[in-house]
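Visitor: Please show me the model, and guide me through one sheet and the cavities.

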Amino acid sequence: MKMNTTPIAIEEASNDYGNIVHEIPSAVLQPSSVQDIVDLIKSSNRSVSTAPFTVAARGAGHSVRGQAMARGGVVVEMSSLSKNGGGVRVSGNNWSGFYADVSAEQLWIDVARATLEHGLSPVSWTDYLYLSVGGTLSNGGISGQSFLHGPQISNVLQLDVITGELLSCSENVNSELFLAVLGGLGQFGIITRARIVLEKAPTRAKWGRLIYSDFSIFTRDQEALISSNNGADYVEGFIIRNDKSSSINEWRSSFSSPSLQSNVASLLKKQGLLYSIELVKYYDHNKASTTIHQEFEMLIQGLNFIPGLIFTADVSFFDFLHRVGDLGGRKRQPDSHPWLNLFIPKSRILDFNHGVLATMIPRLNAAASSGPIIFYPLNRNKWDDRMSAVIPEEEVFYTLGLLHSSEASEYHIIDEFNDEIMRFCQDNGIKVKQYLPHYKSKQDWIKHYGSKWETIQRRKLMFDPKFILSPAHNIFNNVYN
């Protein structure tokens, strides 16, 4: 068991993609095996003369509020496990189904490459592939496939988890631990392996982007796409601001002709805000191009986007999955990323639009904030409410991702803007839930979990009774107040 206390190791463990919170651990564990992590947690649990030290697992370092930090404790550098085996192992057959056993430190880009070699693929992804498997399963893992297949936590068959010992769990074995850890924010155990559902992979993606000027039409079309069995494989929505950072050519790979781009720019200048639906139909390369074209045309038939403002591309399945590229999340960022991610009940999106999207977003200072704004619907019936993840209590809800990027010295301006959004929701009774949550008090966490709070408390006492794990969320111990 190698404990690293060098300034370089401590500094890396004190930083993340958010570049806002910097909590200094006493040491960094660089495990050569899963047993090293087991021994670490046992050592903390056995502490008698002193208080147990806290432990946080760090995957790709892409948290935005220091969630993988442990002030004065030990940060476990999960990537060290990849130097000694693990990886991605594909198994199964046509009769029983296929799955991949994946070490938790692996990135989703590694999963994509390994499974596609077998002509297979997970069914639910994140937009960004340079995230660790253990990290996304501790939160939920959502993208444009989630309306159809649910979040990544809904597509896991089995886990290996370290509490005070290494346990395998599933819906049938140690089920309470299984349900607790999925979406559990690292509070109940450290995931070391996940068995993920695989299906036959497509080889190509017909990819479209549709432009809207009316919010109600934009959301109505999104809801139609996720409610019918029309063959859509991916649906996401975006809000486009009238500034250089949020054009149609934002950080996702884009495709358009100069004339169409010019038309969108002119309309954006006039309207102030535009809306976009990204829509994908997967297919196999053996299918004739005329056939997939006809199927895509049927998919968009009846949608009310602005006539003529449709951008399309035909790319490999891997290129579509990899559309965001590598943002360098494991390296210290010169900018800060004070993100706000919300789940919003469908019944209140018009109120939310009036008070936030149409009113507050246009006055967001482009000099202080850049970055995409994601807004698309999800189906509640694709989530398992027994898991620890929290979503609104409506059958359809929207996810909003304000993926801000700002100068490191100016993130507080965006934080004030985010706080204003939360106050608006509270004052108007809009029962939003934070995704990738960050709260400042235990009372805020109690409100966040709502009817699940007693279950969350009980699970904490079952699996982490000394409150060792993932302290920076500040759910139970208030150590950072």
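Guide: Strands (E, at least two residues) are DSSP runs, as are helices (H or I, at least four), both numbered from the N terminus, and two strands pair if DSSP finds at least two bridges between them. This is a predicted model, in which local features need pLDDT of at least 70, side-chain atom pairs count only at pLDDT 80 or more, and totals for chains, interfaces and linings use all residues. Residues are numbered from 1 along each chain as its sequence is written, and side-chain values use heavy atoms, without hydrogens and water.

Visitor: In what order do the four strands of the open sheet stand?

Guide: The pairing in this open sheet is mixed. β1 (3-4) and β3 (55-58) each have a single partner strand, so one side of each is left without a neighbour in the sheet. The order is β1-β2-β4-β3.

Visitor: Which residue in β4 stands opposite A56?

Guide: β3 and β4 (residues 74-77) pair in the parallel sense over four bridges. Opposite A56, in β4, stands V75.

Visitor: Which element supplies the largest share of the lining of the largest cavity?

Guide: A cavity is a set of points on a 1 Å grid over the protein atoms alone where a 1.4 Å probe fits but cannot get out, and lining residues have an atom within 4 Å of a point. The lining of the largest cavity has 49 residues, with L131, G135, T136, N139 and L436 closest to the centre. Elements that each supply at least two of its lining residues include α4 (133-137) and β10 (190-200), but the largest share, four residues, comes from β3.

Technical notes
On a 1 Å grid over the protein atoms alone, a cavity is a set of points where a 1.4 Å probe fits but cannot get out, and a pocket is an open set with protein on both sides within 12 Å along at least five of seven lines; lining residues have an atom within 4 Å of a point.
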